[in-house]
Amino acid sequence: MGGARRASDTGRHLGRVSVLGLLVSKKILLIIGGGIAAYKSLFLIRVLARRGIATRVILTKGGSEFVTALSAGGLSGDKVYTDLFDLTDEAEMGHIELSRSADLVVVAPATADLLAKAAHGIANDLATTTLQATDKRVLYAPAMNLRMWESAPTQRNVKTLADDGQYFIGPDEGEMACGEYGPGRMAEPEAIAGAIEKLLKGDTTLDGLRGPKPLKGKKALVTAGPTREPIDPVRYLSNHSSGKQGYAIAAALGRLGADVTLVSGPVAIDPPACATTVKVETAQEMLTACEQALPADIFVAVAAVADWRSDGPADVKIKKGKDGIPALKLVENPDILASVSKGKNRPKLVVGFAAETNDVTEHARAKLTKKGCDWIVANDVSGDVMGGDHNSMIVVTEKGEDVFPRLTKADAARRLAEKIAEHFS
Ligand code: CTP
């Protein structure tokens, strides 16, 4: 480490000595596009430096509306490139050399505009010229409004770039700056850094749009959300399930190539684009929809099915009055997981969830046996899991337990989907 220099000394020697005092072994060229997620790319530079990866930055005109060249340069310890026709830059390092000076090119945030230009070979600024001229792999981290992400032109452009051999990480699902919920949020810097490390090692088994779709040809059935059990035409029994975890799992399985049917109770979120969604209200309707969707290779029961329903809901609104407080007689609902798991069309892999508030793994293990499933995903719902955006899962199998750290529901879903894909590989 004797050769470590001050960060500012590294400007002309990207990747040769150190960044932020850390030894550097690889270097990437980061194109920061114009989106609110640009601030996350500044974190990315730091995360990469800590992993021994140096970053040289091209800041697009749009990008400079969100972050400054000064901050990017301060963090990368290098000059930030912005203009194609800057003669000083060209004398120092032309765009062709710039495009080849790194081991990998990363576009984060990759806006709809950058994707469109790259897919069609439009090269009218430094970023797009560099993308055309590079002989290196390109990793895109898209970030945009979910409707823009799901729009036909963007999806066509992504496919074109993927077919050309480019890589993608994200976008993640979640609440977006514009207030909508769905896919469109740029992947987190740690996840992008992980993908960069993988690609730099030549490992292309990325959770991206290109590359192996390990679940292609597999049919998956997922239940999600609560069920609603009517008491009378205006009242019902239900629970706090938001459907977010189940929807994220359906999306994650779809992204890995599975043909997904999502049977969902009433929720307030949009269905994932890559699944066929069947909306139901009651547990009995959910069971019927599941039976109709079988056979499948994979069944993931995420729904918080109401355990009981009213024994004969009233046809008209129950009135307060002379009969006093009505006694609600309940009967047990069908257990959808147990019924699919023990039925004649049993999928090869049956995964249940266990919502517990105490002795989480013990209760989960008991459910594994009782319901005859292959895996049970235990989660402690005593905290902010129900309705929240995070989850800490423990996948309980006959062989043992796989403890996931606390993750966003989208990340937890991705990890579970990858585990499912591994199981089939
Ligand atoms: N489940 C189901 N049908 C039901 C009840 C539960 O398919 N009628 C599924 C859930 O989707 C989940 C698993 O069974 O995958 C466990 O659900 P959970 O609510 O944790 O357990 P219960 O079986 O309801 O048992 P308890 O409420 O006593 O913990």
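These legends go with close-up views of a predicted model.

**View 1. Helix 10 and helix 14 cross at an angle.** Here we look at helix 10 (residues 244-255) and helix 14 (residues 409-424), whose axes come within 8 Å and cross at roughly 45°. That angle makes helix 10 oblique to helix 14. As for handedness, helix 10 passes helix 14 in a right-handed crossing. Both helices turn up again below, since each has a residue in a salt bridge: Lys 244 sits in helix 10, and Lys 419 sits in helix 14.

**View 2. Asp 389 reaches Lys 244 across a long stretch of sequence.** The two side chains form a salt bridge, with the closest N and O atoms 2.9 Å apart. Asp 389 comes from the loop between strand 20 (375-380) and strand 21 (390-397), while Lys 244 belongs to helix 10, so this pair links distant parts of the chain, 145 residues apart. Which partner is buried, and which is partly exposed? Lys 244 is the buried one, because its relative accessible area is 14% and the cut-off for buried is under 20%. Asp 389 has 34% relative accessibility, so it counts as partly exposed.

**View 3. Lys 419 and Asp 402 tie a helix to a strand.** In this salt bridge the N to O distance is 3.1 Å. Lys 419 lies in helix 14 and Asp 402 in strand 22 (residues 401-408), so the contact ties together parts that are 17 residues apart in sequence. Neither end is buried: Lys 419 is partly exposed at 21% relative accessible area, and Asp 402 is partly exposed too, at 25%.

**View 4. Arg 414 and Asp 411 pair up within helix 14.** Staying on helix 14, we find the side chains of Arg 414 and Asp 411 meeting in a salt bridge of 2.9 Å, N to O. The two residues are 3 apart, about one turn of the helix. Are they buried or exposed? Arg 414 is buried, and so is Asp 411.

**View 5. Three charged residues share a network.** Arg 51, Glu 190 and Glu 197 are linked here by a network of salt bridges. For context, a search of the whole structure turns up 18 salt bridges.

**View 6. Helix 5 meets helix 8.** Now for another helix pair. The axes of helix 5 (residues 112-120) and helix 8 (residues 152-163) come within 9 Å and cross at roughly 50°. That puts helix 5 oblique to helix 8, and the crossing is left-handed. Zoom in on Ala 116, which is found in helix 5. The C-alpha atoms of Ala 116 and Thr 154 are 6.9 Å apart in space, although the two residues are 38 apart in sequence. Ala 116 counts as partly exposed, because its relative accessibility is 25%.

**View 7. A nonpolar patch sits on the surface.** Which residues form this patch? Ile 36, Tyr 39, Phe 43 and Phe 66 do, and together they have about 450 Å² of accessible area. One of them, Tyr 39, lies in helix 1 (residues 38-50). Tyr 39 is partly exposed, since its relative accessible area is 44%.

How values were computed. Residues numbered from 1 in each chain as written. Predicted model: local features only at pLDDT ≥ 70, side-chain atom pairs only at ≥ 80, totals over all residues. Heavy atoms only, no water. Helix = DSSP H or I, 4+ residues; strand = E, 2+ residues; numbered from the N terminus. Buried < 20%, exposed > 50% of the residue type's maximum accessible area, 1.4 Å probe, protein only. Patch = residues over 30% accessible without salt bridge, like charges linked within 9 Å, V, L, I, M, F, W, Y side chains within 5 Å. Areas by Shrake-Rupley, 256 points an atom, 1.4 Å probe, with all protein chains shown as cover. Salt bridge = Lys/Arg side-chain N within 4 Å of Asp/Glu carboxyl O. Axes fitted to C-alpha atoms, helices over the stretch in contact; angles between N-to-C directions. Parallel < 35°, antiparallel > 145°, perpendicular 65-115°, else oblique. Left-handed = near helix turned anticlockwise from the far one by under 90°.
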